[in-house]
Amino acid sequence: MNKVYLPCKSIAFLIVRHTFTGRIQKLSCIERRYTQTTIQFPRTMSTNTTDRQNPGLKKFKAPKETLRHVKSREQRKRAVEVHGPAIVYAQVVGAGTRDNGPSLYVFSEFNRYLFNCGEGTQRLMQEHKLKAARLDNIFITRMSWENVGGLSGMILTLKDTGVPEVNLSGPPQLEKYVNAIRVFSGPLEEIKLSVRPCTAETQHTDETMTVSQIPIRANFCTDKPMNTMNSGKNSPSRSPQIQEPRRSVDSDDTGRRERETSPGGKAQVTRDPALVVAYVCKLHPKKGNFLVAQAKELGLPVGTAAIGRLIAALKDGKSVTYEGKEIHPEQVCTPTDPGPAFIVVECPSEEFVQPICTNQQLSRYQVGGPEDPAALVVHMTPERVLKNDQYQQWMERFPSTTEHLILNEQACSAHNVRSYKIQTQLNLIHPEIFPELKHYKTKETLATLNTPNVRAECLLKFQLRPKTEWQRDALLSCDTEEFVKEAAQVPNFIQEVEKCKGFSATDAALLSGQAEKFPEVVFLGTGSALPMKIRNVSGTLVNISSTQSLLLDCGEGTFGQLCRHYGDDVDETLANISTVFISHMHADHHTGLLSLLFQRERAMTVLGKTFSPICLVAPVQIMFWLNQYHDHCEEILRHVSFVPSKFLCEGAELPSVKTTSLIEALLKKSDLEKFQTCLVRHCKHAFACSITHQSGWQLVFSGDTMPCDALVNMGKSATLLIHEATLEDGLEEEAVAKRHSTTSQAIGIGMKMNAQFIMLNHFSQRYAKIPLFREDFNDRVGISFDHMQIRFGDFKIVPRLIPPLKSLFAEEIGEMEDRREKRELRQMRGAESMEEQGTLNAVELGRGSKRVPEEPTPGVENKRLKAN
């Protein structure tokens, strides 16, 4: 056996190391028994294909595995050969609520799996410590934004944790989706993405289990719209089409240049709303445990070298003879666990009911089937489908031992508990500026099911091994009274809150209730780079009036933030949004857009309002992404009327008549006198914007930028400047490398602009709760928090919130100040060392030395400009 085993191990090593060579890649695919497409991302943010055709460019290298991953893989191999996975459980991440779509995390000591990855998934995993370090398999049940909205951000997170390869399984269009996100996903050369498109024979086998992909097609005619909800949520979806015209951009061919078109000049459409993929997951058998005490009683040589051979035979189910006595496996070993199976199925509409209920592969795990009945069936199914008689009968064909887990909008589960906690504590400081968060509750009635079932809750577990059982020890508690009690125990916090309230009460002009209600600015996301438990990524809602709003940037999870801010009134808020401005193409500024568009259509349908597209002001490069998603995933282009940002710059070339009419309609609908943009100092095609209302107020939004004179000129004497302050003072070199601003730089721009008030936002996630303060924080400066809402009448109140904020977060401020002091000390020592080195070099030169030290060059090329 050893002679056979070692060469096989060597071959496996070659497959890992040389996956880019044709022969070895082919062997790998044959060995794994599934078709696999490997996609490698170059380190570029551009959609231009000429770089790939340039033979002079440096070829990228295959991603290198970290020592941690190599050792982990070897340990897993050894463990599987001995006993197989001992602990396996499925855990709910997103329970299927409107603000957190359905997603399931499966854990074993060898592997981690994720079924669906909608917006907010990585934020939940980060908050609740669901480790992504071994997450190497992601399964998608349907090509809808509800299922893939968080995938680009998750890939970046996995890359940052050192995962060398991620396998993506799902509908064939998944490969097109992964190719399309190149336009904004950033540098990904350190991770390899392998796409396994679904076929009838597709299987994935690893150390934990075998996963079979089962394609299921809906029964509907192409001339009849299917009754699914776009992105799974109550909005109509159109039937599939073969070819259709694509959206173009005025005076720019960025979107057209890389489009694959048919000879007739129409787009090749591959989206397939009639397809969902179900998954049957079968755990590998686990050999029984050797019972030492019973073995000793029977006289076996426990503790000696001879016992190893006997244990191996007994665990394999063979009887052994020792000193004339025959020993049977059942005498000294627990029974072998054959390995339970579980099923993950999505049934988004009634059109899928009959194909699911009659599927032969799924029926194998029901009563009378050739396989052991499934231990668990996970239903990602809306309530209206659960009311279907045929679907209920299909559930009843599973035995009583099968557990049913339902993930849909009927789930009553708080997910982002840390967000609720901090908002409850901030609410003590000022209830109007920091309103309490709400929950959206569906109005649909519960289905009456004869089959016992469990409704999903965030972090609910179903253990598959060592024994099947529900585990609720990790369930979340959102106890506002406990949050208030904790804040009250912070030294000096209540005293500072009372002082702040006293200042407001003594000056009637400061009372927020007497201020003009509009405009109102609601900060939905105030962090940078990637969503975290305290701060979500960029998104700012400007309520111009009771019926008109515009959105400045729309990072991943923006719709979820709207749900938690407005609760049951979220549909009215969505319907009021007529314009969305996207500053640039980094993922943390626009990957929440599609969810917003789908949910806005749903809201207008529910409210009985006539649907109208949103006015999208953005760089022209966004149309490449929208066209690709429209062609291969879901229809989206009819949701937007596009205005390129460059046409709103001062002195820009004249747009077409169509674009001019869109700009005029934008201004008229929102009662704006002017909507202006300017290029800023960040990545290519990054813009800031300025909106001027007919009543005279002006709001300027910087987007991401270094200090920029063009921004100053555009915003002269603005009423409000919202400026990014990604980094603290003292990190100016890092700010230059990442093309961001420090707090003092942002304040300086506001002062130079002569803005009436400055709100800082887009903080690095290292300042999760609060940024560091400097002396230049004056009565014209405020700092933003998620779910903070201000009106222009609050400008005098906002600076007075800083003392209670400092008290509430005193511990975090102390830790950041300690880090700053250590950093400054290191810099001081480094400067002294360089000075000493310079003196030594001068002495050497005086002695005739020919060695001249090279000047240090700041390594900005290897800096990551943006993560997600």
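Leaving aside neighbours within four places in sequence, which residues is Leu 760 in contact with? I will start there and then work outwards. Please keep in mind that this is a predicted model.

The contacts of Leu 760 are His 723, Ala 725, Thr 743, Ala 746, Ile 747, Phe 777, Val 781, Gly 782, Ile 783 and Ser 784. Leu 760 belongs to the largest nonpolar core, which has 82 residues. Within that core, Leu 760 and Phe 675 touch the most other members. Another core lies apart from it. That one has 72 residues, including Leu 135, Cys 563, Met 585 and Met 623.

Next, strand S6. It covers residues 165–170, and six of its six residues are buried, so the strand is largely enclosed by the rest of the structure. In a regular strand the side chains alternate between the two faces of the sheet. Here, Glu 165, Asn 167 and Ser 169 point one way from S6. Val 166, Leu 168 and Gly 170 point the other way, and all of these residues are buried.

S6 has partners. Strand S5, residues 135–139, is joined to S6 by three bridges, and the two run parallel. For Phe 139, the bridge partner in S6 is Ser 169. Strand S7, residues 192–197, is joined to S6 by six bridges, again in parallel. For Gly 170, the bridge partner in S7 is Pro 197.

Now the cavities. How many are there of 30 Å³ or more? The count is six. The largest has a volume of about 240 Å³. It is lined by 21 residues, and the closest to its centre are Arg 98, Asp 99, Gly 101, Glu 119 and Ser 595. By type, the lining divides into two nonpolar, 11 polar and eight charged residues. Three helices each supply at least two of the lining residues: H6 (145–148), H20 (558–566) and H22 (593–606). The largest share, three residues, comes from H20.

On to the loops. Is Ser 528 buried or exposed? With a relative accessible area of 6%, which is under the 20% cut-off, Ser 528 is buried. Ser 528 sits in the loop between strand S21 (520–525) and strand S22 (539–543). Beyond its neighbours within four places in sequence, Ser 528 is in contact with Val 537, Asp 588, Thr 726, His 762, Phe 763, Ser 764 and Gln 765.

Two other loops contain a cis peptide bond. One such bond joins Arg 465 and Pro 466, with omega of about 15°. Pro 466 is in the loop between strand S19 (461–465) and strand S20 (469–471). Another cis bond joins Phe 518 and Pro 519, where omega is about 5°. Pro 519 lies in the loop between helix H19 (493–506) and S21.

Last, the backbone angle phi. Glu 323 has a phi near 50°, a positive value in a residue other than glycine. Glu 323 is in the loop between strand S13 (320–322) and strand S14 (325–327). Its relative accessibility is 69%, so Glu 323 counts as exposed. Asn 754 is not a glycine either, and its phi is positive, at about 65°. Asn 754 is in the loop between helix H27 (743–753) and strand S31 (757–761). At 47% relative accessibility, Asn 754 counts as partly exposed.

That is where I will stop.

Conventions:
Residues numbered from 1 in each chain as written. Predicted model: local features only at pLDDT ≥ 70, side-chain atom pairs only at ≥ 80, totals over all residues. Heavy atoms only, no water. 1 Å grid on protein atoms, 1.4 Å probe; cavity = no way out; pocket = protein on both sides within 12 Å on 5 of 7 lines; lining within 4 Å. Points joined across faces, edges and corners; volume = space filled by probe spheres on them. Helix = DSSP H or I, 4+ residues; strand = E, 2+ residues; numbered from the N terminus. Nonpolar A, V, L, I, M, F, W, Y, C, P; charged D, E, K, R; others polar. Buried < 20%, exposed > 50% of the residue type's maximum accessible area, 1.4 Å probe, protein only. Pairing = 2+ DSSP bridges. Contact = heavy atoms within 4.5 Å. Core = buried A, V, L, I, M, F, W, Y, C linked by side-chain atoms within 4.5 Å.
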